[in-house]
Amino acid sequence: MDQDKPREIRLALDAIPLGGKAEGKAGEDAVLFVRDADGVRAFQAKCPHLGAPLAKGEICGGRLYCPWHKAAFAVADGSLEEPPALEALTRYPVRIEGGEAVALLTPEPAPAKRAETPVSHVLIVGTGAAAVACVTTLRREGYAGTITMVGREASPPYDRTKLSKQFLAKPTPAEKTLLEPDFAAAHRVERIEAEATRIDPAARSVTLADGRVLTGDALLIATGSRAVVPDFAGRDLDGVMTLRSLGDAVRLSAAAEHARRVVVIGAGFIGLEAAAFLTKRGLSVTILSREEIPFAKRFGEAIGAALKRYHAGNGVTFVTGSVARITGTGSVEAVETEAGARLPADIVLIGAGAAPETGIVAGVEPDEHGGLPVGADLRLAEGVWVAGDIAAFPERGSGVTARIEHWRLAEQHGTHAARAILGATDVFSGAPFFWSNQGDKRLDYGGYAPDFDRIILHGDPDALDFIAYYVRAGRAVAACSIGRNPAFTAFLHLLGENRVPSPEMIEAGADLPALV
């Protein structure tokens, strides 16, 4: 190739469907061409979150959705509309030559923004998904003031969703989970590694363990959750672990190097994901759960039973029962059940859920689920917002107050808080979504249906190829899917726009992608 000639990628216009997209390549370079009534545009070909090929994503309305984790970008200009991506798509200039679209591989400059706000100092308690999304949104929108982020973990912000997945399948450097190794410097954040002991929303102040008191013009409380460890006898033995933080994952992965047998207590998402990837690593894994069918209450018995069979087919052993004690001399040797079974173990992973970290927030009474009640704007007090696991907020789709422990929802909350800090007055209306890597299968769940009335099931759960819709009070308010990405993405988009068709239409086979 002529070194002096600008690099470009050509693709026949006929290969780019009107209202659709297509990937163009030249050697190792690739772009995504998008074509609509306004013309042809070109963007980076991979999602900036984890590199998913955007050509396999879905266009719904004016949005392009990532095929893996449902980050959403505006088709018009590539701007970010929904996480888990935290930045817009790079855009490339396009010209039309004859019957071809030609993308010049010189990125167009991102539009400069400057936020006008009286807020000169934003104080954030927490370093997880909500905190990171708040910081990146503030800077992306042109906020030039001071941002202070307080948290007890020493590492830079990381992607917690990776910890129970491929990270465990083989020895993996902790750096692989970091969002940005130089996050604080890149986003001009004052990072304070310290334990917060008291948060006073009325004063917008945070007291640290060393006695320092910090204040801000705006305060985001995003303290997240801690792993629950029931009071089992023997829970303090070496080899008894939880999986909540990067430190937890590093310790578990290191212990797996020298272990043969793992007992996982609990058949939730963390437990099943960890079991799947530790099994891939060659360990013998037993899951001990009080429920005979995992996820039956959340997804229905047919889907729960299919997932159980899938994991059992990959070598995971399931035992139904309750823990009587964990035994060993110094280090764990076994888990004994109340029914008298003895499950040998070199590692015991406790997956008993998480509890919101709300005890240090003064003057606010948590609700029955441990969350801090807030309105639809997520505001706790003047200049104070709550985000992530600890927020008990009005969830629009279901119409109930919810406390939801989803990574992407925490990012949505953090994004909303950032925009509110900059003066936006709209309410939070984002549709909850999470994904789970069940071994080699990706399960998607959107919406919120903790007490659904019935399930509309399309496809075959036993083949792990289905989409299930959950009906509550006469409305389809959530969906769960494996292998049905177009229909699921359309549902998620329609849910966000409050346009989901009736259960009767869905049951009759409504074409959801055609409705977006």
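Strand 5 and strand 6 (residues 63–65) run antiparallel to each other and are joined over three bridges. One of the matched pairs here is Glu 58 with Tyr 65, its bridge partner in strand 6. Keep in mind that you're looking at a predicted model. Below is a quick tour of two sheets, one helix and one pocket.

**The sheet with strands 5 to 8**

- Strands 5 and 6 belong to an open sheet of four strands, which come in the order 5-6-7-8 with antiparallel pairing.
- Strand 5 (58–60) and strand 8 (80–82) sit at the edges with a single partner strand each, so one side of each has no neighbour in the sheet.
- Going from one strand to the next, the twist averages 35°.

**The sheet with strands 24 to 26**

- Another open sheet has three strands in the order 24-25-26, and the pairing is antiparallel.
- Which strands stand at the edges here? They are strand 24 (323–329) and strand 26 (342–344); each has a single partner strand, so one side of each is left without a neighbour in the sheet.
- The twist in this sheet averages 25° from one strand to the next.
- Six bridges hold the antiparallel pairing of strand 24 with strand 25 (residues 331–337).
- If you want a pair to look for, try Arg 325, which stands opposite Glu 336 in strand 25.

**Helix 7**

- Helix 7 covers residues 301–313, so to speak a run of 13 residues.
- From its first C-alpha to its last, helix 7 reaches 18 Å, close to the 18 Å expected at 1.5 Å a residue.
- Which residues of helix 7 are buried? They are Ile 303, Gly 304, Ala 305, Ala 306, Leu 307, Tyr 310 and His 311.
- Just after the helix comes Gly 315, which takes a positive phi of about 110°.

**The second largest pocket**

- The second largest pocket has a volume of about 990 Å³.
- How many residues line the second largest pocket? There are 44, and those nearest its centre are Leu 86, Glu 87, Ala 88, Leu 89 and Arg 140.
- Helix 1 (129–140), helix 3 (183–186) and helix 8 (407–421) are the elements that give two or more residues to this lining.
- Helix 1 supplies the largest share of the lining, with four residues.
- Sorted by class, the lining has 21 nonpolar, 14 charged and nine polar residues.

Note on methods
Residues are numbered from 1 along each chain as its sequence is written. This is a predicted model: local features need pLDDT of at least 70, side-chain atom pairs count only at pLDDT 80 or more; totals for chains, interfaces and linings use all residues. Side-chain values use heavy atoms; hydrogens and water are left out. On a 1 Å grid over the protein atoms alone, a cavity is a set of points where a 1.4 Å probe fits but cannot get out, and a pocket is an open set with protein on both sides within 12 Å along at least five of seven lines; lining residues have an atom within 4 Å of a point. Grid points are joined across faces, edges and corners, and a volume is the space filled by probe spheres set on the points. Ala, Val, Leu, Ile, Met, Phe, Trp, Tyr, Cys and Pro count as nonpolar, Asp, Glu, Lys and Arg as charged, and the others, Gly among them, as polar. The expected span of a helix is 1.5 Å times one less than its number of residues. Buried means under 20% relative accessible area, exposed over 50%, partly exposed in between (1.4 Å probe, protein chains only). Two strands pair if DSSP finds at least two bridges between them. Axes are lines fitted to C-alpha atoms, for helices over the stretch in contact, and angles run from 0 to 180 degrees between N-to-C directions.
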